[in-house]
Amino acid sequence: MRLLCADDEEDIRTILQLALSLDPELEVELVDSGEAALLRARAGRFDAILLDGMMPGLDGYETCRRLKADPATASVPVVFLTAKTQRSEVEQALTLGAVACLVKPFDPMTLAADLRAALGR
Amino acid sequence: MVSQGSGGEREERDGLFRLLSSAASEGIIILGDLHIVEANNAFARLFGCAVGGVIGQPLASFIAPEFRESVARHIASSSEKPHDVRGRRKDGSTFDIEIIIKRIVYRGEPSLGCVLRDISERKEIDRLKSEFVSIVSHELRTPLTSIRGSLGLMEAGAVGDLPPKARELTRIARQNADRLIRLINDILDLEKIEAGKIQLQIAALDASDLVESTVAELRGMAELYKVSFEMDVACCEPLAGDRDRVVQILTNLLSNAVKFSPEGGTVRVSIGPGSAGYLRFAVRDQGQGISREQQGRLFARFEQLEAANTRRRGGTGLGLAISRSLVEQQGGRIGVESSPGVGSEFWFELPLVPAPGVHEIRGAEDAAPGVLVVEDDDAVARVLGIILHRAGHSVTRANSLAEARAALAARCPSAILLDMKLPDGSGFDLLDHIVETPGLEKVPVVVLSGVEPAFDHRTRSDRIVEWLIKPFAERELLRALSDAIAGRTDPRRARRRSA
C-alpha cells in the first residue's frame, strides 16, 4: 500500500517513518507541507494520504478540500493525524471527505494497524 | 388581592427601594406588565440613557432582538436563576448581560423585579481562558508526540535491542509521557465540560449494554490487577444520556475500583432503580474504604487521597471531577458511600427516559405556545421531549400526519420539529398543509431527518428554516429551534446542518 504523509514537524516525520516502516507492506513517502502533499498526490499514485491537521500555509483541512475537489485525487482516502481532538474538528475533517481522524500523540507501535483499521484494509 | 397599604406606607417603601437601588452597582428595574415602572441610576448608566427616559419603556427594548424570545421563555418559566443574554443600549449597540428575574408585589400589583449585570468582561475572560487552554494543549501535544513516539519505538525494540537498564529507563520515561498525555487530555476535557462546550448527544440508552461493553474493555486491565467483575442488573428501562460520556463515567469508576481492589478481589457493578425517575449505577469495590472527611473532597480537582499511591496507580486526580461534571451536565447526581476497611461504593444516577405521554402536556389554557414534535419513533420523541423541556419549551407530540394535523387545528405552535418519514405520509404533506392553512403560514419548521435533502429544500418550502441530520447534538437542535422561533434564517445554515 502506497501512503503519502504530510507533517510540518521534522521530528514527527522521523517517527512516522520509523513507526510506519514496522508494517512491511506500507510504502511511505513523507512531505513537509500541504502544498507538497497536493503536488505529490497529483503526480504519484497513492492508496491513502495521512495529513497533519495544523500546518503553516495550507493546513490539513484546506489540503483535504483541494484533494477532494481535484478529480485526479478525489478518490484517494484521506486520514487526519491531529493534535486537536474537539468533536467539531473531527466533524470538520469528516465533512471535508476524510475517512477518519487519528490523534496525536499516537502509539508508534500500533499506528500502522490503526491506520489500516481506519482505511478498512 | 394584596393590600396596598396606606399612602404613607407606600411612600416609605418607595423611598426604601430608591435608597437601596441607588446604592447598588447592578441595574435594577421593576416591571409592571413587562414595562419599566421603576429603574435605578445603574440601569440607566448600563444602557446609556437617563432614568427618566426608561420609565414606561418595554423591557424588550433593552434586549437584543434575537434574545427577546429567550427572555420571554425565561420569564414564563418563573426561574430565578441568572440568565445570560445580550442587552441593547440606547445607541443600538449590544453587550453581554446576566438577568435575574423575581416575581414580586410592587404597589399592590404583581410585578417583576429584575437585576441586570454587565458580564462582557467575564465572557471575554472565559473566551480567552478556553482559547489559552486549547492553544497550550495543542502546543504541548506536538512535542509530546515526538517524545512518546521515540520512547515507544525504543522500548519496543523497533530500533534494535537496548541493554536491560536502558530498556527499564525507557519504560519509565514512556509511562510518564503517557501520564502527561492523560493529564493534558483530562484538563482539556474538564475545561470543555465546565465551560459547557461539550455537545451532548442525548439518546435513549440501554444501561446493561453500556456496562457490559465497558466491562469488556476493562477486562485486560482487571486481569493485570487479578480482579474480577460481577454484574447485577435489576432494571432494564432506558435512560437518557450521551453514550460516549456515560461510558467515560463508567470507565472512570470501574478502573478506579479495579486499581484500588486487593488481588483476588471482586468489583461489583449494579444497575437498579434510583430516585424517582432515575436509574442508578453503582460500582462497589473491596478496597480499604474512604473516611467520611475524605469523601467530601473526593470529587474536587486534583484530589488524591494518597497522592503517592494514586500516582503509582496511574491516576491524574481529575477523573472523579470529570465524572461529576459529566453526570451533572446530563441532569444526574453522583456520590460515594464508604467505610474504612469495608470498601467503597461509587454511584451515579441519570434520568430515565420518561414513559410516553409524560411530555404530551399543556392544554389550550396554557398561554405559552409550545413546540410541536412530529416524530413517530417513540425513543427519539421522548429524548426530544427531555431536551426541549430542559430548555424550558412546552412540547406537544404527534406521531403521525393525522395527529399533527389535529394538534395544529387545536393550537398554533411556536415551531415544529418534523420527522420527514411518517407512518401515514411524508413530512412534505404536512408542509403543504401548513402553507395552505390560514393562521399557520408563518410557523417555522425544523426538519429532523436521517438523510440529507436530495435537492435544495427551500425551493420546495420556505417554511423549512433548517434541515438537521440525525443524530444531531443537543446544542445544535436548541440553536436551530431558537433561531427558528426568533425568525432568523441563515440561508447557508438552512441548506444543511449535521452534528
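The following exchange asks how descriptions of this predicted two-chain model follow from its values.

User: In chain A, what is the strand order of the open sheet, and how do the strands pair?
Analyst: The open sheet has 5 strands in the order 2-1-3-4-5, with parallel pairing. The twist averages 20° from one strand to the next.

User: Why are strand 2 and strand 5 of chain A said to stand at the edges?
Analyst: Strand 2 (27-31) and strand 5 (100-103) of chain A each have a single partner strand, so one side of each is left without a neighbour in the sheet.

User: What makes strand 3 and strand 4 of chain A a pair?
Analyst: Two strands pair if at least two bridges are found between them. Strand 3 (residues 48-52) and strand 4 (residues 78-82) of chain A have 4 bridges, in the parallel sense. Within this pairing, Ile49(A) stands opposite Val78(A) of strand 4.

User: Which helices of chain A lie on these strands?
Analyst: Helix 3 (residues 60-69) of chain A lies across strand 1 (2-6), strand 3 and strand 4, at about 155° to strand 3. Helix 5 (residues 111-119) of chain A packs on the sheet too, touching strand 3, strand 4 and strand 5. The direction of helix 5 of chain A makes about 165° with that of strand 5.

User: What is unusual before helix 5 of chain A, in the loop that holds Pro105(A)?
Analyst: Most peptide bonds are trans. The bond from Lys104(A) to Pro105(A) is cis, with omega near -5°. Pro105(A) lies in the loop between strand 5 and helix 5 of chain A.

User: What makes up the side of chain A that touches chain B?
Analyst: In the interface, 16 residues of chain A are in contact with 16 residues of chain B. Helix 1 (residues 10-20) of chain A gives the largest share of the chain A side, 5 residues. By class, that side has 10 nonpolar, no polar and 6 charged residues.

User: What makes the phi of Arg107(B) and of Lys226(B) stand out?
Analyst: Most residues other than glycine have a negative phi. Arg107(B) has phi near 50°, a positive value. Lys226(B) has a positive phi of about 55°. Arg107(B) sits in the loop between strand 4 (94-106) and strand 5 (109-118) of chain B. Lys226(B) is in the loop between helix 7 (207-224) and strand 7 (228-233) of chain B.

User: Why is Lys226(B) called exposed, and why is Arg107(B) called partly exposed?
Analyst: Exposed means 12 or fewer other C-beta atoms within 10 Å, and buried means 20 or more. Lys226(B) has 12, so Lys226(B) is exposed. Arg107(B) has 15, which falls between the limits, so Arg107(B) is partly exposed.

User: How do you know that helix 6 and helix 11 of chain B are roughly parallel?
Analyst: Helix 6 (residues 164-194) and helix 11 (residues 319-329) of chain B pack at about 25°, with axes 10 Å apart. Angles under 35 degrees count as roughly parallel. Helix 6 and helix 11 of chain B are therefore roughly parallel. Their crossing is left-handed.

User: Which residues make the contact of helix 6 with helix 11 of chain B?
Analyst: Helix 6 of chain B contributes Asp186(B), Asp189(B), Leu190(B), Ile193(B) and Glu194(B). Helix 11 of chain B contributes Ala321(B), Ile322(B), Ser325(B), Leu326(B) and Gln329(B). By class, the contact has 5 nonpolar, 2 polar and 3 charged residues.

User: How many helices and strands does chain B have, and what share of its residues is buried?
Analyst: Chain B has 17 helices and 20 strands. Of its 499 residues, 34% count as buried.

Key. Residues numbered from 1 in each chain as written. Chains lettered and ligands numbered in written order. Predicted model: local features only at pLDDT ≥ 70, side-chain atom pairs only at ≥ 80, totals over all residues. Helix = DSSP H or I, 4+ residues; strand = E, 2+ residues; numbered from the N terminus. Axes fitted to C-alpha atoms, helices over the stretch in contact; angles between N-to-C directions. Contact = placed C-beta atoms within 7 Å. Nonpolar A, V, L, I, M, F, W, Y, C, P; charged D, E, K, R; others polar. Parallel < 35°, antiparallel > 145°, perpendicular 65-115°, else oblique. Left-handed = near helix turned anticlockwise from the far one by under 90°.
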